[in-house]
Structure formats: structure tokens, C-alpha cells
Amino acid sequence: MGLIKLRRFYISLRSAFLLLALNGCGTLFGGLTQDIKLTSDPPNAQVIDTDTGVKYNTPVIVSLEKSISHSLEFSKEGYKTEVVPLRREVRFVWWFLDAFSLGVGNLIDAASGGLFDIKPEQVHVALDPKSGS
Amino acid sequence: MNHGKMKRYLSGFSLSVLVLMLYGCASANLSVVQAMAAKPASASLILIDNTGSKVSNEDIGNLKSAFSDSLQKAGVKIVSTENKDVAAIVGQIQQYDKGSKALRYFVGFGAGTGKMKTAWKVSDQTGGEIGSCNIDGSISMGVFGGDFYNVHEKAAEAFSQFFTGTK
């Protein structure tokens, strides 16, 4: 094998490795879950993730899956219920890097949730008393 | 096309993409009516929908959460309205149109623009007004059309600057 051919083979191999490495890099480096801090005033309010049905009590730091959407319902006896939808924001850097894998990485990261960031990272809800309505 | 021209073309293209991505992203304009006369350490937050129920409970929840989060980050404690010995922030949503994410993404050039107009008043424990401002937010572009909740965050940041006296 000539030197030029060997060089081309090496470049191709390196490119293929790079494409493989970029496949789903959001999943690898961004993680599948994200920690979200939930607080309320008054404290000890019940929080239900209406999309998963999981219940928490404030204050708490919860680990939420990034592959699904989440909406949090804060409630406490004597207070009005508050609903706070969380949003999933596409991280442009992962989307951009995934594009080098001709869309395969984008699909992997979108399905796993690695492509997204959950926002806001901290949710504080001040509950209003029912009598004050 | 030679190498130099190609390089210039690519640089120009990248710059154009960057400008297009930044242009028209979520923004919020603060206009101060009465500058804050004091810097309260804690406050309660009330949001009133004056649009004729155009704003869903989820959207109000997200907007309140964005304001609470931004103020808490600025060192202001947000408490329940049952606390009467703190400052009271009352916000009125006067216009709320989330626009169309699909139009922003596929058409652009202002199509599908989302807009929000709000008015804010802050009063102290005695009920006396200590500050007021208007915040108008909009989004006309963004990654995949952008999320209108970005406008909530920008408006919250603007209010936080107003409340703490940094703007």
C-alpha cells in the first residue's frame, strides 16, 4: 500500500471514528436526567409530577428524566394549587455536533433526552391562601 | 471557486447564520414608570390576567415561577401573599400572544412573532406604592422557532434588575 493510500485510509478511519464519537454526544455528556430544586412558601407542600405521577414534598431536589416533559402541581391544604410546566430546551451545541453524524446522533439524543435541558433548574412557588381569593 | 474564495464564503455564511440566530431571539424591554424607592428583602407576588382569560393557568404558573426564580437569584425572598409584613408585587398581563413556533421556524422574517405586555406595581407593607414599571416582551426567532417561555425569563430578568435597582 502506497504512502498516499495509507494516509487516505488513516484520514477515513479518523473521520469514521469522529462521526461515531459524535453520535449521541448529548446522551453521553449531557446525561439522561437533570436535578431540579423545588421549594415553596410555606414549605412542606406536596408536589405531583403530573406526567409521571411521582409525588414529592418541598423542599427537595429531584432527578427528572429529560426524555419526557414534566408539569409540576404544587398543593397544600388551605392554599390554592399552582401548576408549573417545565420546558425542555434543545441544547444547540449537541444538536449542532449531532448533525455531523448525518442526523443519527440527533435521533439518538432526541429519543434519550440527552439533546435537552430542563428549564427552569429551580422552581420556587409561593402558595396563596384560599381565603385570600 | 478557489480556496480563498471558498473560505471567505464559508465565513460569511457562518456569520450570517449566527446573526440570524441571534436576531429576534426572545427579548424584554423595561420602561420604568417610577423607580424603586426602597429595596425590599422579601415580597409576595400576585399575577392578574387582564387579557380576558387568554392566559392559561400553566402559562401563569410558568411566568410566576420565572419571576420568583429570578428575584430569588437576586437575593429577594418570595413569600406567600398571606404575609402582610412584606412588600407586594402586583403584575398585570395586558397582552399575551404566544405566536406560532412553526411559523417562526419555517417562515421567519417576523411571521409567528409572540408578544407579551405587562405592567408591574410594587407597594410596601403600608400599601404605599414604591415603584412601577412596564415590561414588553417578544420572540420572533430562535432555535427551532424558539420557546415563548424564553420571553417569561427575559421579562423576569428585566423586572429583577428593576426591583433590585440595578437598572
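Two residues are taken to be in contact if their C-beta atoms, placed from the backbone, lie within 7 Å. This briefing concerns a predicted model. Its subjects are two open sheets of chain A, the helix α2 of chain B that lies across β5 and β6 of chain A, and the parallel strands that β2 of chain B pairs with.

**Chain A as a whole**

- Chain A contains four helices and nine strands.
- Read from the N terminus, the order of its elements is α-α-β-β-β-β-β-β-β-α-α-β-β.
- Of the 133 residues in chain A, 33% are buried.
- Among the contacts in chain A with a separation of 6 or more, 70% join residues that are 24 or more positions apart.

**The four-stranded sheet of chain A**

- Strands of chain A in the order β3-β2-β5-β6 make up an open sheet of four, and their pairing is antiparallel.
- The edges are taken by β3 (55-57) and β6 (82-85) of chain A; each has a single partner strand, so one side of each is left without a neighbour in the sheet.
- From one strand to the next, the twist averages 25°.
- Within this sheet, β2 (residues 46-49) and β5 (residues 71-75) of chain A are paired in the antiparallel sense over four bridges.
- A:Gln46 has A:Ser75 of β5(A) opposite to it.

**The three-stranded sheet of chain A**

- A further open sheet of chain A has three strands in the order β4-β1-β9, and here the pairing is mixed.
- Its edge strands, β4 (60-65) and β9 of chain A, each pair on one side only.
- On average, neighbouring strands of this sheet are turned by 30° against each other, direction ignored.
- Strand β1 (residues 33-41) of chain A runs antiparallel to β4(A), and six bridges join the two.
- Opposite A:Gln34 stands A:Leu64 in β4(A).

**Helix α2 of chain B**

- Helix α2 (residues 57-73) of chain B lies across β5 and β6 of chain A and runs at about 80° to β6(A).
- The helix α2(B) has 17 residues, and the distance from its first C-alpha to its last is 24 Å, close to the 24 Å expected at 1.5 Å a residue.
- Most of α2(B) is covered, with twelve of its 17 residues buried.
- Among the buried residues of α2(B) is an unbroken run that includes B:Gly61, B:Asn62, B:Leu63, B:Lys64 and B:Ser65; B:Asp59 and B:Leu71 are also buried.
- In chain A, the buried residues of α2(B) pack against β6 and β9 (122-126); in chain B, they pack against β2 (42-49), β3 (77-79) and α4 (149-164).
- After α2(B) comes B:Gly75, which has a positive phi near 95°.

**Parallel strands of chain B**

- In general, strands of a sheet pair through backbone hydrogen bonds, either parallel or antiparallel.
- β2(B) and β3(B) run parallel and are joined by three bridges.
- B:Ser42 has B:Lys77 in β3(B) as its bridge partner.
- Between these strands the chain crosses from β2(B) through α2(B) to β3(B), a β-α-β crossover that is right-handed.
- β2(B) also pairs in the parallel sense with strand β4 (residues 87-97) of chain B, over seven bridges.
- For B:Asp49, the bridge partner in β4(B) is B:Ile93.

Notes:
Residues numbered from 1 in each chain as written. Chains lettered and ligands numbered in written order. Predicted model: local features only at pLDDT ≥ 70, side-chain atom pairs only at ≥ 80, totals over all residues. Pairing = 2+ DSSP bridges. Axes fitted to C-alpha atoms, helices over the stretch in contact; angles between N-to-C directions. Expected span 1.5 Å × (residues − 1). Buried ≥ 20, exposed ≤ 12 C-beta atoms within 10 Å, placed from the backbone. Right-handed = clockwise from strand over helix to strand, strands pointing away.
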